[in-house]
Amino acid sequence: MPDLNGVAKKTKGRQKIEMKKMRNESNLRVTFSKRRTGVFKKASELATLCDVDVTVIMFSPGNRVFSFGSPSVDSVVQCYKTHVPPPLLTLDLNKVHSTVDEVELHTHLHCLSNQIAIEKKRTKDLNHLAKAAEDQFWWARPIESMIDSQLDKYKKMLEEFKRQLKEKGGNLN
């Protein structure tokens, strides 16, 4: 078929694809890979343009998991899992707009509270691990909390390390 300039087109151009499962396994994998990036790009655009939290989780034909999340998959899933539906509302048409804002704010506050709780637990766990390391290994303690015998032992270890380094030709200064 000739175009406006009278030249015949060499390709068919962009064709509409029938929406049914592809039979060719190789084509299916390639199509999934290309469309997956497109879906993730659209999710990212939606999150940016509308200032919303978005998560997309998909399984490939080979059963591999792919995910995208804004701000992160974990935070959106956690918010979804802990989302408590608001109590039934009586619709007063004069107050619908303000009620919706309150519900949105309540949901957002709930999500933030959950994130704070998660971070507090993580901090507590890390402090517990640090304390356990200090209890088990005296050299993991801050120098200010060491007693004189530990400081002497630490000093001797450092001097021995420095001596061994010099023997091997290393330069500490």
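# Exercises on a predicted structure

Between β1 and β2 runs a loop, and S60 is one of its residues. The model in these exercises is predicted.

## Exercise 1. The surroundings of S60

Determine whether S60 is buried or exposed, and state which residues S60 touches beyond four places in sequence.

Solution.
Step 1. The relative accessible area of S60 is 10%. A residue counts as buried under 20%, so S60 is buried.
Step 2. With residues up to four places away set aside, S60 touches F32 and F66.
Step 3. The contacts of F32 may then be listed on the same basis: M58, F59, S60, P61 and F66.

## Exercise 2. An aromatic pair

Classify the geometry of the pair formed by F32 and F66, and explain which parts of the chain the pair ties together.

Solution.
Step 1. The protein has two aromatic pairs. One of them joins F32 and F66, with ring centres 5.9 Å apart and an angle of 55 degrees between the planes.
Step 2. Stacked planes are under 30 degrees apart and edge-to-face planes over 60; the pair of F32 and F66 is therefore tilted.
Step 3. F32 belongs to helix α1 (residues 25–50), whereas F66 belongs to strand β2 (residues 65–70), so the pair ties together parts that are 34 residues apart in sequence.
Step 4. F66 has a relative accessibility of 16% and therefore counts as buried. R36 lies over the face of F66, at 4.0 Å from the ring centre.

## Exercise 3. Helix α1 and the nonpolar core

Compare the span of α1 with the expected value, name the buried residues of α1, and find which elements give two or more residues to the largest nonpolar core.

Solution.
Step 1. From first to last C-alpha, the 26 residues of α1 reach 37 Å, close to the 38 Å expected at 1.5 Å a residue.
Step 2. L28, F32, R36, F40, A43 and A47 are the buried residues of α1. To read this list, recall that an α-helix has 3.6 residues a turn, so residues three or four places apart point the same way.
Step 3. The buried residues of α1 pack against β1 and β2.
Step 4. The largest nonpolar core has nine residues: F32, F40, A43, A47, V54, V56, M58, F66 and F68. Two or more residues of this core come from each of α1, β1 (54–59) and β2. Its largest share, four residues, is given by α1.

## Exercise 4. Unusual backbone geometry

Identify where D51 and N63 lie, and state which bond joins S70 and P71.

Solution.
Step 1. As background, most residues other than glycine have a negative phi, and most peptide bonds are trans.
Step 2. D51 is a residue other than glycine with a positive phi, near 50 degrees. D51 is placed in the loop between α1 and β1, and its relative accessibility of 72% makes it exposed.
Step 3. N63 also has a positive phi, near 65 degrees. N63 lies in the loop between β1 and β2 and is exposed, with a relative accessible area of 66%.
Step 4. S70 and P71 are joined by a cis peptide bond, with omega about 10 degrees. P71 is in the loop between β2 and α2 (73–82).

## Exercise 5. The position of V52

Describe the place of V52 and its separation from P71.

Solution.
Step 1. V52 is in the loop between α1 and β1. Its relative accessibility is 35%, so V52 counts as partly exposed.
Step 2. Along the chain, V52 and P71 are 19 residues apart; their C-alpha atoms are separated by 9.0 Å.
Step 3. Beyond four places in sequence, V52 touches L46, A47 and S70.

## Exercise 6. The whole chain

State the order of the elements, check the span of α4, and give the share of buried residues.

Solution.
Step 1. The protein has four helices and two strands; from the N terminus their order is α-β-β-α-α-α.
Step 2. Helix α4 (residues 148–167) has 20 residues, which should span 28 Å at 1.5 Å a residue; the end C-alpha atoms are 29 Å apart, and this agrees. G169, with a positive phi near 90 degrees, follows α4.
Step 3. Of the 173 residues in the protein, 13% are buried. The exposed area is about 15,400 Å², of which carbon and sulfur atoms supply 58%.
Step 4. Among contacts with a separation of 6 or more, 25% are between residues 24 or more positions apart.

Terms used
Residues are numbered from 1 along each chain as its sequence is written. This is a predicted model: local features need pLDDT of at least 70, side-chain atom pairs count only at pLDDT 80 or more; totals for chains, interfaces and linings use all residues. Side-chain values use heavy atoms; hydrogens and water are left out. Rings of Phe, Tyr and Trp (its six-membered ring) pair if their centres lie within 6.5 Å; planes under 30 degrees apart count as stacked, over 60 as edge-to-face and the rest as tilted. Buried means under 20% relative accessible area, exposed over 50%, partly exposed in between (1.4 Å probe, protein chains only). A charge sits over a ring if NZ of Lys or CZ of Arg is within 6 Å of the ring centre and within 35 degrees of the ring normal. A nonpolar core is a set of buried Ala, Val, Leu, Ile, Met, Phe, Trp, Tyr and Cys residues joined through side-chain atoms within 4.5 Å. Contact means heavy atoms within 4.5 Å. Accessible areas come from the Shrake-Rupley method with a 1.4 Å probe; for residues, only the protein chains shown count as cover. The expected span of a helix is 1.5 Å times one less than its number of residues.
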